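Thank you all for coming; I would like to walk you slowly through one fold today. Please have a look at it on the screen before I start.

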Amino acid sequence: MNPIVAIVGRPNVGKSTLFNRIAGERIAIVEDTPGVTRDRIYAQAEWVSKHFTIIDTGGIEPDSEELIPKKMRQQAELAMDMAQVILFVVDGKAGLTPSDRDVALMLLKTKKPVLLVVNKVDNKNLPDDFYDFYELGFGEPIPVSSSIGLGTGDLLDEVVKNF
Ligand code: GDP
Ligand code: MG
């Protein structure tokens, strides 16, 4: 079976956009409504001749007791259980938020490799608060723009090192 890469993070950071970029197809639903992706979505992907399965998840809102966010969180946990590598996506435009810290606390429990992906860095200049993301405890943040495709090749180079 191909290795599995799971994309997780709070709603609206651009997980589905990154998924589409990696999958090379427009499969996941991208909308302005936070948390619109309610089911796990799988795609087969390939980078430098290495094949893997990429899984998009709905956003994690760790503290919510509402039914749908709870279901989305369970699906994200399932995807993380199955994964060899986890992509923890945050929003470089919004900066570090309390919800990112909550997701980080969930992820710190896993022994799997976690790559911290700072999405929405749409040009070569890193935002001033970029290095705040170091506080999350997952090492060097990787800047990408999923909508433009900047930095995603470097990200995939890091991903396939784990297979
Ligand atoms: P998800 O909820 O984490 O799956 O986020 P989506 O992929 O649905 O994206 C949420 C919003 O962020 C949409 O309006 C996207 O167009 C926007 N977005 C996603 N990636 C980028 C990016 O790299 N740059 C910018 N500027 N916007 C992005
Ligand atoms: Mg989504």
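I will begin with the sheet, go on to the helices, and end with the core.

First, a word of caution: this is a predicted model, in which local features need pLDDT of at least 70 and side-chain atom pairs count only at pLDDT 80 or more, while totals for chains, interfaces and linings use all residues. Residues are numbered from 1 along each chain as its sequence is written, and chains are lettered from A and ligands numbered from 1 in the order in which they are written.

When I say helix or strand, I mean a DSSP run numbered from the N terminus, with at least four residues of H or I for a helix and at least two of E for a strand; two strands pair if DSSP finds at least two bridges between them. With that in hand, we have an open sheet of six strands, in the order β2-β3-β1-β4-β5-β6, and its pairing is mixed. Because β2 (41–47) and β6 (142–143) each have a single partner strand, they stand at the edges, and one side of each is left without a neighbour in the sheet.

Further in, β1 (residues 4–8) pairs with β4 (residues 85–91) in the parallel sense over four bridges, and there isoleucine 7 has leucine 87 of β4 as its bridge partner. Helix α3 (residues 98–107) packs on the sheet, where it touches β1, β4 and β5, and its direction makes about 170 degrees with that of β4. Here contact means C-beta atoms, placed from the backbone, within 7 Å, and the angle, on a scale from 0 to 180 degrees, is taken between N-to-C directions of axes fitted to C-alpha atoms, for helices over the stretch in contact.

Now, how many bridges join β4 to β5? There are six, and the two strands run parallel.

Is β5 largely enclosed or not? Six of its six residues are buried, so β5 is largely enclosed by the rest of the structure; buried means that 20 or more other C-beta atoms, placed from the backbone, lie within 10 Å of the residue's own. In a regular strand the side chains alternate between the two faces of the sheet. In β5, Val114, Leu116 and Val118 point one way, while Leu115, Val117 and Asn119 point the other way.

Finally, β5 pairs with β6 in the parallel sense over two bridges, and valine 117 stands opposite isoleucine 142 in β6. Valine 117 also touches residues including Leu18, Phe88 and Leu155.

Key:
Two residues are in contact if their C-beta atoms, placed from the backbone, lie within 7 Å. A residue is buried if 20 or more other C-beta atoms lie within 10 Å of its own, exposed if 12 or fewer, and partly exposed in between; C-beta atoms are placed from the backbone. Lists of a residue's contacts leave out its neighbours within four places in sequence.
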